[in-house]
2 protein chains.
Amino acid sequence: MKIHSIRAEILTIGAELLKGSTLNTNAQYLGRKLTALGFFVHRQTACPDTCDAIADGLRQALIRARLVILTGGLGPTPDDLTRQSVAEYFGVPLVFSKSQYLRIKRIYAERGRRVPSSVRIEAMFPQNSVPLINRFGVALGFYIPHGEALVVVLPGVPDELVRMFESGVGGMIQKFFPDLEPGYRFQVNMAGISEPEVMRRLGKDFFDDPCEFGIYPYPGEVAVHIGARKRSTFLRLKRKTRARLTDVIYGWGTAGLSEVVGDLLLRKKRTLAVAESCTGGFLAAELTKVPGCSRYFEGSLTAYQNRLKTSLLGVSPRVLADKGAVSAEVARAMADGVRKLMGSDYGVGVTGIAGPGGGSVRKPVGTVFIAVTSPRKCTVHRAYFRGDRRQIQTRSVKKTLEMLWRVLR
Amino acid sequence: MKIHSIRAEILTIGAELLKGSTLNTNAQYLGRKLTALGFFVHRQTACPDTCDAIADGLRQALIRARLVILTGGLGPTPDDLTRQSVAEYFGVPLVFSKSQYLRIKRIYAERGRRVPSSVRIEAMFPQNSVPLINRFGVALGFYIPHGEALVVVLPGVPDELVRMFESGVGGMIQKFFPDLEPGYRFQVNMAGISEPEVMRRLGKDFFDDPCEFGIYPYPGEVAVHIGARKRSTFLRLKRKTRARLTDVIYGWGTAGLSEVVGDLLLRKKRTLAVAESCTGGFLAAELTKVPGCSRYFEGSLTAYQNRLKTSLLGVSPRVLADKGAVSAEVARAMADGVRKLMGSDYGVGVTGIAGPGGGSVRKPVGTVFIAVTSPRKCTVHRAYFRGDRRQIQTRSVKKTLEMLWRVLR
């Protein structure tokens with residue numbers, strides 16, 4: 001079942017995408033956003049930075065789709081040809097925006113740099129287009145209404161693209177297509193469960209109702225997206241999902257585990273401090289991504305060397321020698337130690353072997369001990385994660401956040 | 001100038017790519033591999049799983065390119081339509097491979113599972129194709145020589161795709177195109193310079209030599225990729241690049257700033273500890289991504305609250321009150337403090353306002369002070385970064401790594 005009617009295409013421009021030097025996260029981001037708005041994303045094409053390829057891509061996309069989003073190739077260097085190619089395709093000249101140029105000059109001035117003559121091009125846009133001010137970078141975006149269709153051109157720098165989309169471009173697109181039917185959708189996020197297990201618990205009868213269903217595994221998490229055309233169906237599916245998966249659902253919508261944990265701490269007026277070893281700062285980084293985290297996050301200590309575990313966290317040298325740095329006892333002592341050191345209500349200790357070296361038969365690479373401690377009790381978990389160094393670090397952080405969520409909810 | 005002569009296209013199939021539920025890592029992997037083999041990867045297209053879209057994609061790709069790789073849609077579910085679509089496109093029936101079916105049955109038996117009737121399709125391939133045994137999964141791949149062109153169809157599961165490519169498919173492709181010329185290529189990575197400034201310093205005469213040139217900005221960094229057909233040209237371009245940009249080049253190849261910094265510490269037999277505030281663990285996480293970092297990284301302290309800056313890092317309460325937590329003096333005291341606390345050779349202190357709240361007229365959101373201290377001297381830098389919380393954190397981390405690199409090299 002497709003609940004979408006209007007087709008959209010994404011054209012990402014740049015040799016770096018085709019050569020594989022850059023992972024195309026823009027295509028994923030735009031695919032998600034446009035699907036959520038109610039579009040049927042029908043093609044995504046990566047083109048090299050040549051006028052022929054860009055114009056050809058645009059021509060073909062406009063045959064198939066009513067919305068075409070181009071990204072990339074708006075910079076100041078000679079291989080940035082998107083604005084020229086789009087202007088050529090529509091047979092219009094590029095025009096100069098003085099106000100945009102003054103804005104660029106201001107940005108350079110703020111950074112204390114000379115304005116190179118090459119950036120003049122970043123203030124140019126096709127005559128038939130409407131400029132989209134990029135408050136998050138230098139290059140201007142723009143859009144071109146073309147009969148029933150809409151062409152939108154955005155910078156390729158992922159951060160700028162995302163900020164621009166969220167702060168106005170998404171809304172502009174919705175206004176252009178008032179007949180868009182987003183239907184009813186929800187996203188539900190779960191931790192500590194596998195994809196097949198989610199399917200088993202939802203059951204076959206879950207799919208008696210016509211719905212658009214997607215299940216997506218992430219490290220340590222599973223997300224399910226469900227869409228329905230009718231509100232009544234949507235509500236019934238949501239009810240069923242909640243009833244069948246309640247113990248593993250940590251949130252609905254886009255808030256991640258660290259935001260949910262932060263929210264719980266805030267509501268309970270409790271504070272947190274963490275001590276890390278194998279995750280080397282990743283856990284703290286994940287927790288401090290959340291704006292306003294200073295209201296509940298005291299701080300973190302990454303004690304990479306054993307002597308710091310002893311001198312700063314008070315882990316007994318005897319326990320370290322007897323049980324090893326990677327052990328339940330050390331995880332617990334780290335959690336207790338950082339709680340005392342930083343004066344927080346909750347403490348976390350994570351110690352493990354992220355690899356590639358350091359593993360043994362009894363404690364192979366991927367062995368991780370996680371302790372969560374509060375004034376009243378301490379929970380320690382031994383985990384074994386597969387994967388490379390980065391994957392093991394990520395999964396350890398996710399598991400820790402899951403444990404915090406379970407303790408706090 | 002393109003140093004490649006043979007064009008290749010990548011066709012990735014699946015609604016999950018278009019909806020953005022899955023990040024298209026296959027396109028990146030194949031782009032890298034084909035470029036290294038000497039192909040000019042000219043288009044990458046993501047198609048939905050319909051016969052029309054797949055056949056249309058294949059038809060258009062074969063007009064433009066001599067090598068077309070399709071991935072995905074080889075599974076056993078009703079939305080896996082790639083083999084049927086390819087057979088239909090070439091007007092041939094699907095044939096059944098008994099040996100492949102027996103292999104699939106064996107895999108299921110090993111896992112102790114019943115063979116569902118639906119998997120029979122995974123032993124089918126177009127009559128005009130040569131099957132590619134997939135030793136790493138269930139679905140069969142295949143290839144079809146088509147005049148001067150070659151069509152290769154591989155499973156979409158990233159692990160299976162990668163292993164199949166490395167263990168035979170890449171070699172088969174090279175044999176099919178004996179006239180492939182891989183050419184000569186290098187990548188150079190720079191920090192603390194803007195894209196236009198790189199272009200200005202390379203100069204117009206740099207491009208007198210025929211070369212393939214790409215310049216890519218990342219937060220706080222710029223990468224340049226250069227390729228040439230002849231070895232002598234390649235060497236000349238490399239020499240010129242080095243001469244004109246030597247003060248900003250931190251590395252050649254794929255190693256990032258944190259690896260380069262780690263390598264310098266290791267070679268100098270020096271150790272590092274960091275104290276973070278606004279970056280909240282990101283700097284430590286970046287440094288500990290590198291395998292073997294325990295040989296030079298002592299640890300990190302994220303002192304989110306001022307009282308921890310005082311109690312653990314020894315920042316004087318008077319300085320905090322007079323100058324504010326976001327000041328050159330506090331950054332310096334944090335760097336000195338963590339050096340003493342953890343007994344390292346080098347210390348880093350980062351304090352700033354990542355936002356969205358906490359800014360003022362004199363110190364707006366994005367103001368960051370970074371101090372790098374060694375036994376001999378201390379460097380403090382005041383930076384102002386634009387963007388949201390995450391961007392400011394990322395740019396602060398990059399700037400810190402750049403400062404460390406400058407101090408160490």
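Okay, so the area buried between chain B and chain A: in this predicted model that comes to about 6200 Å², and carbon and sulfur atoms give 52% of it. On the chain B side, the residues losing the most area to chain A are B:Lys19, B:Leu23 and B:Arg386, which together make up 11% of what that side buries. In residue terms, chain A puts 79 residues into the contact and chain B puts in 73.

What about the polar side of things? How many salt bridges are there between chain B and chain A? The count is nine. One to pull up on screen is B:Arg64 with A:Asp56, where the side chains meet with N to O at 3.8 Å. Then, taking pairs with both residues at pLDDT 80 or more, you get 41 residue pairs in polar contact between the two chains. If you're wondering which element of chain B gives the most to the side touching chain A, look at strand β2, residues 40-47, with eight residues. And the make-up of that side of chain B is 30 nonpolar, 27 polar and 16 charged residues.

Now let's go to helix α6 of chain A. That's residues 158-176, and the helix bends by about 60 degrees at A:Phe165. A:Phe165 is also one of the buried residues of α6(A). The others on that list are A:Glu160, A:Leu161, A:Val162, A:Met164, A:Val169, A:Gly170, A:Met172 and A:Ile173. So what covers them? From chain A, the cover includes α2 (25-37) and the strands β3 (67-71), β6 (130-132), β7 (141-146) and β8 (149-154). The part I'd point out is that chain B is in there as well, through its α14, residues 389-408.

Next, a couple of buried threonines in chain A. A:Thr12 sits in strand β1, residues 7-13. Its relative accessibility is 0%, so A:Thr12 counts as buried. Which side chain does the side chain of A:Thr12 make a polar contact with? That would be A:Asn24, at 3.1 Å. Setting aside neighbours within four places in sequence, the contacts of A:Thr12 are A:Leu17, A:Asn24 again, A:Ala27, A:Gln44, A:Thr45, A:Ala46, A:Cys47 and A:Thr71.

The other threonine is A:Thr279, in the loop between β13 (272-276) and α10 (282-287). Buried or exposed? Buried, because the relative accessibility of A:Thr279 is 1%. Again leaving out residues up to four places away, A:Thr279 touches A:Val350, A:Gln393, A:Ser396 and A:Val397, and there's a chain B residue on the list too, B:Thr288.

Over to chain B. B:His381 is in strand β17, residues 378-384. At 27% relative accessibility B:His381 falls between the 20% and 50% cut-offs, so we call B:His381 partly exposed. Beyond four places in sequence, B:His381 touches B:Val368, B:Phe369, B:Ile370, B:Lys399 and B:Met403. For a sense of scale, B:His381 and B:Lys98 are 283 residues apart along the chain, with 69 Å between their C-alpha atoms.

Then there's B:Lys377, in the loop between β16 (367-373) and β17 of chain B. This lysine has a relative accessible area of 57%, so B:Lys377 is exposed. From B:Lys377 back to B:Gly359 is 18 residues along the chain, and their C-alpha atoms are 30 Å apart.

Last bit, backbone oddities. Most peptide bonds are trans, and most residues other than glycine have a negative phi. Here, though, A:Gly355 and A:Pro356 are joined by a cis peptide bond, omega about 5 degrees. A:Pro356 is in the loop between β15 (346-352) and β16 (367-373) of chain A. In chain B, B:Gly355 and B:Pro356 are joined by a cis bond too, with omega about 5 degrees, and B:Pro356 lies in the loop between β15 and β16 of chain B.

For phi, take A:Lys269: it isn't a glycine, yet its phi is positive, about 55 degrees. A:Lys269 is in the loop between α9 (257-268) and β13 of chain A, and counts as exposed because its relative accessible area is 71%. In chain B, B:Lys269 has a positive phi near 55 degrees. B:Lys269 lies in the loop between α9 and β13 of chain B, and is exposed at 70%.

How values were computed. Residues are numbered from 1 along each chain as its sequence is written. Chains are lettered from A and ligands numbered from 1 in the order in which they are written. Side-chain values use heavy atoms; hydrogens and water are left out. The bend at a residue is the angle between axes fitted to the seven residues ending there and the seven starting there. Helices (H or I, at least four residues) and strands (E, at least two) are DSSP runs, numbered from the N terminus. Buried means under 20% relative accessible area, exposed over 50%, partly exposed in between (1.4 Å probe, protein chains only). Contact means heavy atoms within 4.5 Å. Buried area is the accessible area (1.4 Å probe) that two parts lose on being put together, summed over both. A salt bridge is a side-chain nitrogen of Lys or Arg within 4 Å of a carboxyl oxygen of Asp or Glu. A polar contact is a pair of N or O atoms within 3.5 Å; within protein, one must be able to donate a hydrogen and the other to accept it, and residues adjacent in sequence count only if both atoms are side-chain atoms. Ala, Val, Leu, Ile, Met, Phe, Trp, Tyr, Cys and Pro count as nonpolar, Asp, Glu, Lys and Arg as charged, and the others, Gly among them, as polar.
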